[in-house]
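Colleague: I have the sequence and the model open side by side at my bench. Could you pick one part and take me through it closely, together with whatever surrounds it?

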Amino acid sequence: MSAPSDRLIRALSLLDSLEPGAPERVQGNLDAFHPDTAELVLGYAFADVVGRDGIDLKTREMMTIAMLAAMGTAQGQLEFHMRAAMNTGVSREEIVEIVLQVSVYAGVPACMNAITAAKKAFEAAGKA
């Protein structure tokens with residue numbers, strides 16, 4: 001197996017700043033699918049996009065919560081990004097407000113799914 005690229009190292013470092021221990025779990029899961037997946041998926045998502053200048057990480061995490069909640073189809077990622085958002089300084093109250101706003105623009109079912117994710121994320125963060 002070759003050494004990880006600088007791009008993957010940057011991606012994993014950013015992922016670790018969002019939730020310590022996440023890089024090992026996520027990369028292990030992706031590597032079990034195919035050895036190139038972590039480089040392709042994490043490199044693009046975290047090194048190429050999320051790691052860009054222009055919007056601070058706290059704001060990016062708030063936007064990510066809103067988008068994932070509105071999608072209503074990515075519960076695991078939504079829970080992760082709610083925990084990550086709290087790790088970047090987003091308050092429990094700010095997450096509640098994002099979830100409530102989702103009900104207006106994406107509908108009550110998406111909001112209900114986001115509430116379930118938020119409750120799990122708050123519990124994991126000791127903010128239930």
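Modeller: Happy to! Let's start on the outside and work inwards. Ile55, Met63 and Met67 together make a nonpolar surface patch of about 250 Å². Please keep in mind that this is a predicted model. Within that patch, Ile55 sits in the loop between α3 (37-50) and α4 (57-71). Is Ile55 buried, partly exposed or exposed? Ile55 counts as partly exposed because its relative accessibility is 32%, and the range for that class runs from 20% to 50%.

Now let's go inside. The largest nonpolar core has 20 residues, and Ile65, Leu78, Met82, Ile95, Val99 and Ala114 are those with the most contacts inside it. Four helices each supply at least two residues of this core: α4, α5 (75-87), α6 (92-105) and α7 (108-124). The largest share comes from α7, with seven residues. Ile65 is a good place to zoom in: beyond the residues up to four places away in sequence, Ile65 touches Leu78, His81, Met82, Ala85, Ile95 and Ile98. There is also a second, separate core of 15 residues, which includes Leu8, Leu12, Phe46 and Ala84.

That brings us to the part I would like to look at most closely, helix α5. The helix has 13 residues, and the distance from its first C-alpha to its last is 18 Å, close to the 18 Å expected at 1.5 Å a residue. Which residues of α5 are buried? They are Leu78, Glu79, Phe80, His81, Met82, Ala84, Ala85 and Met86. Some of these names are already familiar: Leu78 and Met82 belong to the residues with the most contacts in the largest core, while Ala84 is included in the second core. An α-helix has 3.6 residues a turn, so residues three or four places apart point the same way. Around α5, its buried residues pack against α1, α2, α3, α4, α6 and α7. After the helix comes Gly89, which has a positive phi, near 110°.

Helix α5 also takes part in a charged pairing. Side chains of opposite charge can pair when their charged atoms come close. The structure holds six salt bridges, and one of them joins the side chains of Glu19 and Arg83 at 2.5 Å, N to O. This pair links distant parts of the chain: Arg83 is in helix α5, Glu19 is in the loop between α1 (6-18) and α2 (22-33), and they are 64 residues apart. Arg83 counts as partly exposed because its relative accessibility is 21%, which is just past the 20% limit for buried. Glu19, by contrast, is buried, with a relative accessible area of 10%. Glu19 has another partner too, for its side chain meets that of Arg25 in a salt bridge of 2.6 Å, N to O. With 47% relative accessibility, Arg25 counts as partly exposed.

A further bridge lies between two of the helices that supply the largest core. Glu94 pairs with Lys58, and their closest N and O atoms are 3.9 Å apart. This bridge also links distant parts of the chain, Glu94 in helix α6 and Lys58 in helix α4, 36 residues apart. Both ends are partly exposed: Glu94 has a relative accessible area of 27%, and Lys58 has 28% relative accessibility. Elsewhere, Arg7, Glu39 and Asp48 are joined into one network by salt bridges that share partners.

Two more residues are worth finding on your screen. Thr37, in helix α3, is buried, with a relative accessible area of 11%. Setting aside neighbours within four places in sequence, Thr37 is in contact with Leu30 and Leu42. Glu97, in helix α6, counts as exposed at 52% relative accessibility. From Glu97 you can look back towards our helix: Glu97 and Glu79 are 18 residues apart in sequence and 16 Å apart in space, C-alpha to C-alpha, and Glu79 is one of the buried residues of α5.

Notes: Residues are numbered from 1 along each chain as its sequence is written. This is a predicted model: local features need pLDDT of at least 70, side-chain atom pairs count only at pLDDT 80 or more; totals for chains, interfaces and linings use all residues. Side-chain values use heavy atoms; hydrogens and water are left out. Patches are made of residues with over 30% relative accessible area and no salt bridge: like charges are joined within 9 Å, nonpolar side chains (Val, Leu, Ile, Met, Phe, Trp, Tyr) within 5 Å. Accessible areas come from the Shrake-Rupley method with a 1.4 Å probe; for residues, only the protein chains shown count as cover. A salt bridge is a side-chain nitrogen of Lys or Arg within 4 Å of a carboxyl oxygen of Asp or Glu. Buried means under 20% relative accessible area, exposed over 50%, partly exposed in between (1.4 Å probe, protein chains only). A nonpolar core is a set of buried Ala, Val, Leu, Ile, Met, Phe, Trp, Tyr and Cys residues joined through side-chain atoms within 4.5 Å. Contact means heavy atoms within 4.5 Å. The expected span of a helix is 1.5 Å times one less than its number of residues.
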